[in-house]
Amino acid sequence: MAKLPLEGIRVVGMTQMWAGPIAEMHLADWGAEVIKVESLHYLAVGTRGPAPRHAKYAVDFVKGGYAAYLKEGYDEVNGRPWNRSCMFNVHGRNKLSCTVDPMRPKGKEILRRLLQVSDIFIESNQPGVMENLGLTYDVIKDWNPKIIMVSMSGFGQSGPLKYYRALGAHQEDFLGHTYLRGYIDRDVTANSAIYHGDEASGTTATFIIVMALHQRNRTGKGMFIDISQTEATMLQLGEAIMDYTMNKRITERTGNRDLYGAVQGCYRCRGEDRWVCITIRTDKEWQGFCRALGHPDWTREDKFSDAFKRWHNHDELDKHIEEWTSQHDHFAVMRMLQNEGVAAGPVEHPDDAYNDPQMNDRGFFETVTHPECGTHRYPGLAYRMSKTPNHIRRPAVRLGEHNEYVYKHILGVSDEEYAELEKEGHIGMDLVPGLEIGKYKAE
Amino acid sequence: MAEQPLSDVRILDLTWHIAGPNCTKFFADYGADVIKVEKPGEGDPARRLGPFHEDDPHPEKSGLFLYLNTNKRGITLNLKTQTGKRILKDLVKDVDILVENFSPHVMPSIGLDYETLEKVNPKLVMTSVSNFGQTGPYRSFKASEIIIYGMGGAMCTTGVGDCEPVKKGMNVIQYQGGTMAAAATMIALYAARAQGIGQHVDVSLMETQMSSIDRRMSELLAYEYNNELTPRMDIAGLLQYPYGIFPCADGYVDVAGGFMFLNRIERVLKVPLMEKYGGVNQFNMERREEFMGTIWYPWVMERTRREAVEACQAARVMSAPINTTEDLLKEPQFQERGFWAEADHPVVGRLTCPGRPALCTELPWEIRRPAPLLGEHNEEVYTSLGYSKEDLVKLREGRII
């Protein structure tokens, strides 16, 4: 049996929000030992829930949505909401967690010892944070010349926007993506914050990190990698940027319309907030579409008789299409059209996704038992490999869950020293009450 | 300067359109020798998609193709002929990676499935990128950018509540599928080098969306945990201190105020909001309307994007201008970091396009050659396989290349 591809690689992560953590997840999924270094005094923003501090109100305040916590069985006194966050528990799988307070000298020493025996160090903090902690590459490379350090901030480690604060949504504003999405007939304020930048830059970072390991195997040298999340995401708008550099044309948003002239839209179906997307490219597909509908009279009208005419009468065509789709279930529309060779698919709410025949046939969702959350179905691996079959091997890691392993096994800390570090608020599984970032001065 | 990190990697690239070519672009730009195989006469369908240089719809002038295929060598080969298949197998012997993004039935139907190619080259990493994956009831279904996002992604919560769900911009879903395929392929290559195992990597675009951290995965888990569906809503309409996209003097700005950063918003506006309207518990719709009408809109409407964003960032409030591609090209940040790359192409001349994904002296990124003309490297590649010039003439006449 082959080993997982990245077995034997140790990664230390001090990351925030989503972009850094998703890169850690890919590495952990494929066998790297990923150790999240966290603090009992302050939780990195947007990792274990939306807020750096947690209380009952935080659990209640977030109503539904991706920032929610698992509410069932929450115990106000002993509950640890930071182990129950939907924002974290989807990417926290297969990782390890240890706690240390990097603001104090003893904590810094622990980090030094850990980085000395690691291959990769990922951080996704605002520039300046690592300088303040004394954890820049210049310092770390003296401890471990072979280490690969990756900094992934919103705009990179240089330039006039270096210190700008941004979530994925704000990076997308800067790089032009927000302007390019939304409705044709409404202005850009009719929009929702999406975080494509986290996904795009986190996946790009995964590629870069594994490539850096490959390069290190060839040269024997460590390195510092500066990833600007905005730049990494911009790579996905190639043709819009090229239209400006080649033709000085500003690309405008096209809503749900196709960029290349096909009939396309998102149409209402039967049921509450249920929709289907349809794309009809060729005459052959148009004929298939008409067959699926049983050739109603309007499909024979001259104004829909070729692709050019259909494009010019798209608004009217949309009304006819929606009149038909709104009588049917969204999955039924997909089947009727796909059977006739037409591209169509339902807009899947989470309840649809968990019941989707394709997802279930491929075993995408995996049932995992988490010690504080019980048994649930989680989104699984993003891609499959035939010789190294793989699953979620461990549930989302709890804060400080692997302190014993990291301190005693990896760093060889004695029982006495361990107890002392516990007393001093470095080691533990519960936040230290009343202590927040900024309250510490160097000892 | 260090050698390019993938200069020891060879790739046979059967990809077309966006997702597949974006995968192999990462490898080519970092030094891999990527041989792109196109259909004789027609080539990659992306050659027929715009935008075109000076709006001339010529197969060597597609901006999409020119961007996605930098640093690749191009050959033509008809995979449906016996000779074509034989040549392909010859090529497979000598590469580390093969990437394809045909519909899943195509490679088996022409006798070039992984099981066959594995016998030719046991260390081969073969990556197949498809809409729904190599298996399952949807494997032959057709799809498009919007359909993949609708089925796999968080489209149900993208847009505003009183309208239909709306897709992301341009073709980012397919690009992202290609980026994910590049990461998967790199991981598999690492295993091939370390352990000597080749394997078949199965990338489903629907699954790349279903496992996206753009908030899709968290929304899935929120439903599983609490049985609650996330609503599709306009964040600007939430009961919050300014949060969302707002019109300003010269366009639009995005400001993330909210409750968590109330003290910072107070510093931006120089108004004691907490005192005037109260915090989380006292802020209601009536108070919000007064706040937005008398304080927020007057403040933001009389400022330019730059002024508003600078004032917010100075108070540590996350904010950004809504840029067009023109604004982006003029943004000093990316120029100062040397982000933009240039290439000289024999037909369209000098091109400017997005550059390196990361900045690192040990990982040099470079455009060594522009995207290939159709069949540009036929002679070079086929003669290296031992074919003579006379053979090439025959192959051309037989429409094999």
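# Burial, backbone and packing in a two-chain model

Trainee: Is B:Met170 buried or exposed?

Mentor: The relative accessible area of B:Met170 is 7%. The cut-off for burial is under 20%. This is a predicted model. By that cut-off, B:Met170 is buried.

Trainee: Where does B:Met170 lie, and what is its phi?

Mentor: B:Met170 sits in the loop between H6 and H7 of chain B. Most residues other than glycine have a negative phi. B:Met170 is not a glycine, yet its phi is positive, near 45°.

Trainee: Which value does phi take at A:Asp273?

Mentor: A:Asp273 belongs to the loop between E7 and E8 of chain A. It is partly exposed, at 25% relative accessible area. It is not a glycine, but its phi is positive, at about 55°.

Trainee: What is omega for the peptide bond between B:Gly50 and B:Pro51?

Mentor: Most peptide bonds are trans. The bond joining B:Gly50 and B:Pro51 is cis. B:Pro51 lies in the loop between strand E2 (33-38) and helix H2 (63-68) of chain B. Omega is about 0°.

Trainee: How confident is the predictor in the complex and in chain B?

Mentor: In chain B, 98% of the residues reach a pLDDT of 70 or more, and the mean is 94. For the complex, the pTM is 0.97 and the ipTM is 0.97.

Trainee: What is the relative accessible area of B:Arg215?

Mentor: B:Arg215 is in the loop between helix H8 (205-210) and helix H9 (216-226) of chain B. From chain A, its contacts include A:Trp18, A:Tyr66, A:Ala193, A:Ile194 and A:Tyr195. From chain B, they include B:Tyr149, B:Ala154, B:Thr157 and B:Thr158. B:Arg215 is buried, with a relative accessible area of 2%.

Trainee: How many residues of helix H1 of chain A are buried?

Mentor: Helix H1 covers residues 19-29 of chain A and is mostly covered. Its buried residues include the polar names A:Glu24, A:His26 and A:Asp29. Just after this helix, A:Gly31 has a positive phi of about 110°. The count of buried residues in H1(A) is eleven of eleven.

Trainee: What distance separates the centres of the two domains of chain A?

Mentor: Domain 1 of chain A takes in 10-235 + 362-423. Domain 2 takes in 275-346. Taken over C-alpha atoms, their centres are separated by 44 Å.

Trainee: Which residues have the most contacts inside the largest nonpolar core?

Mentor: Nonpolar side chains tend to be buried together in soluble globular proteins. The largest nonpolar core here has 125 residues, and the most contacts inside it belong to A:Phe207, A:Ile225 and B:Phe27.

Trainee: Which helix gives the most to this core?

Mentor: The core of 125 residues draws at least three residues from each of domain 1 and domain 2 of chain A. Its top contributor is in chain B, with 14 residues: helix H7 (residues 172-195).

Trainee: Which residues of chain B does A:Phe207 touch?

Mentor: A:Phe207 is among the residues with the most contacts inside the largest core. Residues up to four places away in sequence are not counted. The partners are B:Leu6, B:Phe26, B:Phe27, B:Tyr30, B:Ala182, B:Ala183 and B:Met186.

Trainee: How many residues does the other core have?

Mentor: This core lies apart from the largest one. Among its members are B:Cys248, B:Leu273, B:Tyr277 and B:Trp296. Its size is 30 residues.

Trainee: What is the strand order in the open sheet of chain A?

Mentor: The sheet has three strands, and the pairing is antiparallel. Strand E7 (263-268) and strand E9 (343-346) each pair on one side only, as edge strands. The twist averages 15° from one strand to the next. The order is E7-E8-E9.

Trainee: How many bridges join E8 to E9 of chain A?

Mentor: A:Ile278 stands opposite A:Ala344. A:Thr279 has A:Ala343 as its bridge partner. The two strands run antiparallel, and the number of bridges is four.

Trainee: Which helix of chain B packs on this sheet?

Mentor: From chain A, helix H14 (residues 330-339) lies across E8 and E9, at about 165° to E9(A). The chain B helix touches E7, E8 and E9 of chain A, and its direction makes about 20° with that of E9(A). It is helix H6 (residues 145-152).

Trainee: Which residues cover the two faces of E9(A)?

Mentor: Both faces of this strand are covered, and the four residues are all buried. One side has A:Ala343 and A:Gly345. The other has A:Ala344 and A:Pro346.

Key:
Residues are numbered from 1 along each chain as its sequence is written. Chains are lettered from A and ligands numbered from 1 in the order in which they are written. This is a predicted model: local features need pLDDT of at least 70, side-chain atom pairs count only at pLDDT 80 or more; totals for chains, interfaces and linings use all residues. Side-chain values use heavy atoms; hydrogens and water are left out. Buried means under 20% relative accessible area, exposed over 50%, partly exposed in between (1.4 Å probe, protein chains only). Contact means heavy atoms within 4.5 Å. pLDDT is the predictor's confidence in each residue, from 0 to 100. Domain bounds come from an automatic or database domain assignment. A nonpolar core is a set of buried Ala, Val, Leu, Ile, Met, Phe, Trp, Tyr and Cys residues joined through side-chain atoms within 4.5 Å. Two strands pair if DSSP finds at least two bridges between them. Axes are lines fitted to C-alpha atoms, for helices over the stretch in contact, and angles run from 0 to 180 degrees between N-to-C directions.
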